[in-house]
Amino acid sequence: MKTYEEINEKIKQGKAVVVTADEVCDLAGSEGIKAVAEKVDVVTTATFGPMCSSGVFLNFGHADPPIKMHKVWLNDVPAYASLAAVDAYLGATAISDTKYLEYGGAHVIEDLLAGKTIHLEAEGYKTDCYPAERVTAEITLESLNQAILLNPRNAYQNYSAATNSSLRTLHTYMGTLLPKFGNVAYSTSGQLNPLMNDPEYRTIGFGTKIFLGGGIGYILGEGTQHNPNQIRGGNKVPLSSAATLMLKGDLKQMNARYLRGATIKNYGVSLMVGIGIPIPVLDEGIAEAVSVRDKDIYTTIYDYSVEKLSKPTYGRVSYKELRSGSVQINGNRVPANPVASLFMAREIASVLKEWITRGEFFLVEPIQLLPRDTRFKPLPLNTGETPVLPKKGGSKKDGSTL
Amino acid sequence: MTVTRRVVLTFPANLVEDTIIYRLIKDYDLIVNILRAKIIPKEIGRIVLELQGKVENIKKGLSFVESKGIGVKSLAQDIQLNEDKCVSCGMCLAVCHQKALSLNPVTWKIEFNRDDCILCEQCVTVCPLRVIQVAF
């Protein structure tokens, strides 16, 4: 048994044993779980991939004479400004009024981080407090008073895999899904994924200090659509999309390498977010959890061609099978491709390991762990109502990326 | 010695209607496989060719093509993967039927094998970071 205080003291003295969630599997394999519990202090986990539920709170500073910004655009991308006078929230998936899906909120975030100048346009309505009606300005990350990344749903604990039984190519947030089971797309970093290494949320919660976008961030608790009640395997790891995290961090100390604006073809804009979470090996139970391997982590394959909330499934596959490059569906080999980067996740796990090993990053014990009992509910429509679908062949808002 | 080479021919608008492929086969004894072609009368045209034949004949054949005012470029030069900006997410793999793009199973970094690329360009629009470019 170890405590956060003991581990932090070891980090301070430069004596902490820190390994990545990949490396801990090797140690568990050769020396066993007991040895992991005794020898290892911290295991670093990580993930890097498109996470749509992301965005940044910005404070622009006041103009003279002042304006109450009611509508705000950054490089033609609209931001939500129904807050105090010069506050706005720029959502990662907001799309440009002029470039549509080619440029969006996520790209503005990446450009800010890269030190680029962003064109601000704002409109307000005249009041005694705020006489101005319109301003334009060229802003930079440095010129902002605050730029606080606040992502309502990141770092999914597992995620369902996607395939397509139909006769046409689908363009989804899981990338391109080729017709007639042409491929299976999967996400998450498997055995490196933060919440799959702490499946019962014993160390992850409100206050946990993390690597976020190349800088320091914190977990604010459960993310939206948090679903701890997902069906679990014998190792307690959920068999499909489950828990989520809400994250916060100061954008000003982040790095454009780990926050990347993405355009997913015919789907939309998203932000690729790099996250690293340290897990303290407090006891043998945690040692066992962090030693989980891709071969023992399963996800469920869903048919994305069925335009229903509840989609048919084609069974479960392990991340080991997915990583092999093909999986079996209905007796046929189907190519499998990731949509989240294991390469970057490994890099982040190593960087975080470095920070801790060098005594630059200390663990923070969460003041409240993630809830285990919330339910993820669908939207109950008014009696007799169904969502309106567009007419076949009708006009479409330009969603093409070409 | 028989070899295979892949080339991109760029036709100026005024030459689009000239006979080229026929001459390559007939005069230079080349096996010609058209991998891709975009020929529209009065516009710049492009053909991606795989040529198979004697080294000498390929050389002479391509000299002939160039002498007609048609641009000849080796296929490999035309696809650019910006490895510094690529994050190796893997979305491009779904559309690369040639498996010219692949994930290294050790490093999990995306690798591009130019020899297998037939310039279908599907990866260009699927890449979420726009780090794959085709430069004709």
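## Overall fold of chain A

Helices and strands here are DSSP runs, with at least four residues for a helix and at least two for a strand. Counted that way, chain A comes out with seven helices and 26 strands. Keep in mind that this is a predicted model.

How does chain A compare with the globule rule? Its radius of gyration is 23 Å, close to the 21 Å the rule gives for 402 residues, so chain A is as compact as a globular protein of that length. Along the principal axes, the C-alpha atoms fill a box of roughly 70 × 60 × 40 Å. As for burial, 49% of the 402 residues of chain A count as buried. If you look at contacts in chain A with a separation of 6 or more, 72% of them come from residues 24 or more positions apart.

## Two domains in chain A

The domain assignment splits chain A into domain 1, written in two pieces (4–52 + 150–369), and domain 2 (61–144). Their centres, taken over C-alpha atoms, sit 33 Å apart. Each domain of chain A puts 15 residues into the contact between them.

On the domain 1 side, the elements giving two or more residues are strand S20 (259–264) and strand S21 (268–280) of chain A. S20(A) has the largest share of that side, with five residues. By residue class, the domain 1 side breaks down into eight nonpolar, five polar and two charged.

## Where chain A meets chain B

Moving on to the chain contact, 24 residues of chain A and 15 residues of chain B take part. Which elements of chain A give two or more residues to this side? They are strand S2 (42–50), strand S14 (175–177), S20, strand S25 (332–338) and helix H7 (342–357).

S20(A) turns up here too, and its four residues are the largest share of the chain A side. The chain A residues that touch chain B divide into 14 nonpolar, eight polar and two charged.

## A look at B:Gln80

On the other chain, B:Gln80 belongs to strand S5 (residues 79–81) of chain B. Why does B:Gln80 count as partly exposed? B:Gln80 has 13 C-beta neighbours inside 10 Å, and the partly exposed class lies between the exposed cut-off of 12 or fewer and the buried cut-off of 20 or more.

Leaving out residues up to four places away in sequence, B:Gln80 touches B:Gln133 and B:Ala135. B:Ile39 is 41 residues from B:Gln80 along the chain, and their C-alpha atoms are separated by 23 Å.

Terms used
Residues are numbered from 1 along each chain as its sequence is written. Chains are lettered from A and ligands numbered from 1 in the order in which they are written. This is a predicted model: local features need pLDDT of at least 70, side-chain atom pairs count only at pLDDT 80 or more; totals for chains, interfaces and linings use all residues. The radius of gyration is taken over C-alpha atoms; the globule rule is 2.2 Å times the number of residues to the power 0.38. Two residues are in contact if their C-beta atoms, placed from the backbone, lie within 7 Å. Domain bounds come from an automatic or database domain assignment. Ala, Val, Leu, Ile, Met, Phe, Trp, Tyr, Cys and Pro count as nonpolar, Asp, Glu, Lys and Arg as charged, and the others, Gly among them, as polar.
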